[in-house]
Amino acid sequence: MAKEPTKPLVTLYTNHGCPWAHRVRITLRALNLPYSEIIIPLDRPRELWYLEINPRGLVPTIKISNGILKDEIMSAEGEEQERKGEELVTALEKEVEPLLEGDGPFSGGSKDLALAEVRCG
């Protein structure tokens with residue numbers, strides 16, 4: 001007997017114009033989690049039923065069974081990306097700085113400004 005498809009436990013309140021919501025969709029797909037999507041129009045005031053779910057009216061909001069993750073999850077994601085970005089900068093500095101030793105800060109490693117740099121100002 002074939003299994004009936006299970007109802008998604010995740011509901012994503014989203015708008016396809018929101019980059020944060022797009023990241024959540026990508027993550028849900030990458031994790032292969034089934035989810036249902038409810039589009040929230042951003043070009044008009046939020047409806048009362050949505051403000052009861054997310055009083056700030058922002059997207060994305062993720063509802064998992066009975067729990068709700070509001071847009072605050074995005075700030076945690078942003079902090080994680082910032083940490084990874086700092087690690088990348090540190091690694092690049094470690095690799096690139098020795099290559100630049102003795103070079104000046106201006107175009108082509110010069111210690112003096114070029115005329116084009118002076119004009120661009």
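Start with Asp-43: at 67% relative accessibility it counts as exposed. Its salt-bridge partner is Arg-44, and the closest N and O atoms of the two are 4.0 Å apart. Arg-44, at 44% relative accessibility, counts as partly exposed. Keep in mind that this is a predicted model, so every value here is computed from predicted coordinates.

How many salt bridges are there? The count comes to two. In the other one, the side chains of Glu-37 and Arg-25 meet at 3.8 Å, N to O. That pair links distant parts of the chain, with Glu-37 in strand E2 (residues 35-39) and Arg-25 in helix H1, twelve residues apart. Is Arg-25 buried or exposed? Arg-25 counts as buried because its relative accessibility is 6%, under the 20% cut-off for that class. Glu-37 sits in a different class: it is partly exposed, with a relative accessible area of 31%. As for the chemistry, side chains of opposite charge can pair when their charged atoms come close.

Now zoom out for the overall layout. The protein has four helices and four strands. Reading from the N terminus on, the elements run β-α-β-α-β-β-α-α. Of the 121 residues, 20% count as buried. The protein exposes about 9,400 Å², and carbon and sulfur atoms supply 58% of that area. If you care about contact order, take the contacts between residues at least 6 apart in sequence: 48% of them join residues at least 24 apart.

Back to Arg-25 and the helix that holds it. H1 covers residues 19-30, which makes twelve residues. From first C-alpha to last, H1 reaches 16 Å, close to the 16 Å expected at 1.5 Å a residue. Which residues of H1 are buried? They are Ala-21, Val-24, Arg-25 and Leu-28. These residues cover an arc of only 100 degrees around the axis, which puts them on the same side of H1. So the Arg-25 of the salt bridge with Glu-37 belongs to the buried set of this helix. Look at the face turned away from the buried side and you'll find the exposed residues Pro-19 and Ala-30. After H1 comes Asn-32, whose phi is positive, near 60 degrees.

The aromatic side chains are the next stop. A search of the whole structure finds three aromatic pairs. One of them joins Tyr-13 and Trp-49, a tilted pair at 6.2 Å centre to centre with 50 degrees between the planes. This pair links distant parts of the chain: Tyr-13 is in strand E1 (residues 10-14) and Trp-49 in helix H2 (residues 48-53), 36 residues apart. Tyr-13 is buried, with a relative accessible area of 5%, while Trp-49 is partly exposed at 37%.

Tyr-13 also pairs with Tyr-50, again tilted, at 5.7 Å centre to centre and 45 degrees between the planes. Tyr-13 lies in strand E1 and Tyr-50 in helix H2, so the pair ties together parts that are 37 residues apart in sequence. Here both partners, Tyr-13 and Tyr-50, are buried. Put the pieces together and Tyr-13, Trp-49 and Tyr-50 form one aromatic cluster.

Methods. Residues are numbered from 1 along each chain as its sequence is written. This is a predicted model: local features need pLDDT of at least 70, side-chain atom pairs count only at pLDDT 80 or more; totals for chains, interfaces and linings use all residues. Side-chain values use heavy atoms; hydrogens and water are left out. Rings of Phe, Tyr and Trp (its six-membered ring) pair if their centres lie within 6.5 Å; planes under 30 degrees apart count as stacked, over 60 as edge-to-face and the rest as tilted. Helices (H or I, at least four residues) and strands (E, at least two) are DSSP runs, numbered from the N terminus. Buried means under 20% relative accessible area, exposed over 50%, partly exposed in between (1.4 Å probe, protein chains only). Contact means heavy atoms within 4.5 Å. Accessible areas come from the Shrake-Rupley method with a 1.4 Å probe; for residues, only the protein chains shown count as cover. The expected span of a helix is 1.5 Å times one less than its number of residues. The arc is that of the directions from the helix axis to the C-beta atoms.
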